[in-house]
Amino acid sequence: MNLYIESLEGGYYVVATGNDETQKPVMADSGRPQTFNSVDQIREYFHGKHFDKVWLKQCTPYDEMVGQADNTEKTLDVEIAW
């Protein structure tokens, strides 16, 4: 099982577990996706759990910064050490 961390604007993170084909978001008791304020907070939440790979996904505003059309589908996916 993998852990997928997505960085959102405003300094928030949401996470999902699963594999490349099937990912399940981590939900809060309220029924909404659990949000985190840092990767360290995510580490604490999953303390003692093992993941095959941990991925960090960030939208990159590069196209918009150089005057091109905004491309919301362009993301940077990086495997991080866990």
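**Exercise 1. State the order of helices and strands along the sequence, then count each kind.**

Solution. Step 1: read from the N terminus, the order is β-β-β-β-α-β-α-β. Step 2: this gives two helices and six strands. Both kinds of element are DSSP runs numbered from the N terminus, helices being H or I with at least four residues and strands being E with at least two. The model is a predicted one, in which local features need pLDDT of at least 70, side-chain atom pairs count only at pLDDT 80 or more, and totals for chains, interfaces and linings use all residues. Residues are numbered from 1 along each chain as its sequence is written, and side-chain values use heavy atoms, with hydrogens and water left out.

**Exercise 2. Find which strands pair with β2, and in what sense.**

Solution. Step 1: apply the criterion that two strands pair if DSSP finds at least two bridges between them. Step 2: take strand β1 (residues 2–8), which is antiparallel to β2 and joined to it by seven bridges. Here Ser7 lies opposite Tyr13 of β2. The hairpin of these two strands has three residues between them, and in it Gly10 has a positive phi near 95 degrees. Step 3: take strand β3 (residues 23–25), linked to β2 by three bridges, again antiparallel. Gly18 has Gln23 in β3 as its bridge partner, and four residues separate the two strands of this hairpin. Step 4: take strand β4 (residues 35–36), which pairs with β2 over two bridges in the antiparallel sense. Val14 is opposite Thr35 of β4.

**Exercise 3. Decide why β2 can be called largely enclosed, and give the buried share of the protein.**

Solution. Step 1: set the classes by relative accessible area, with buried under 20%, exposed over 50% and partly exposed in between (1.4 Å probe, protein chains only). Step 2: strand β2 spans residues 12–18, and six of its seven residues are buried, so the rest of the structure largely encloses this strand. Step 3: for the protein, 24% of the 82 residues count as buried.

**Exercise 4. Locate the salt bridge and describe its setting.**

Solution. Step 1: look for a side-chain nitrogen of Lys or Arg within 4 Å of a carboxyl oxygen of Asp or Glu. Step 2: searching the whole structure yields one such salt bridge. It joins Arg43 to Asp40, with 3.9 Å between the closest N and O atoms. Step 3: both residues belong to helix α1 (residues 39–45) and are three residues apart, so about one helical turn separates them. Step 4: Arg43 has 31% relative accessibility and therefore counts as partly exposed.
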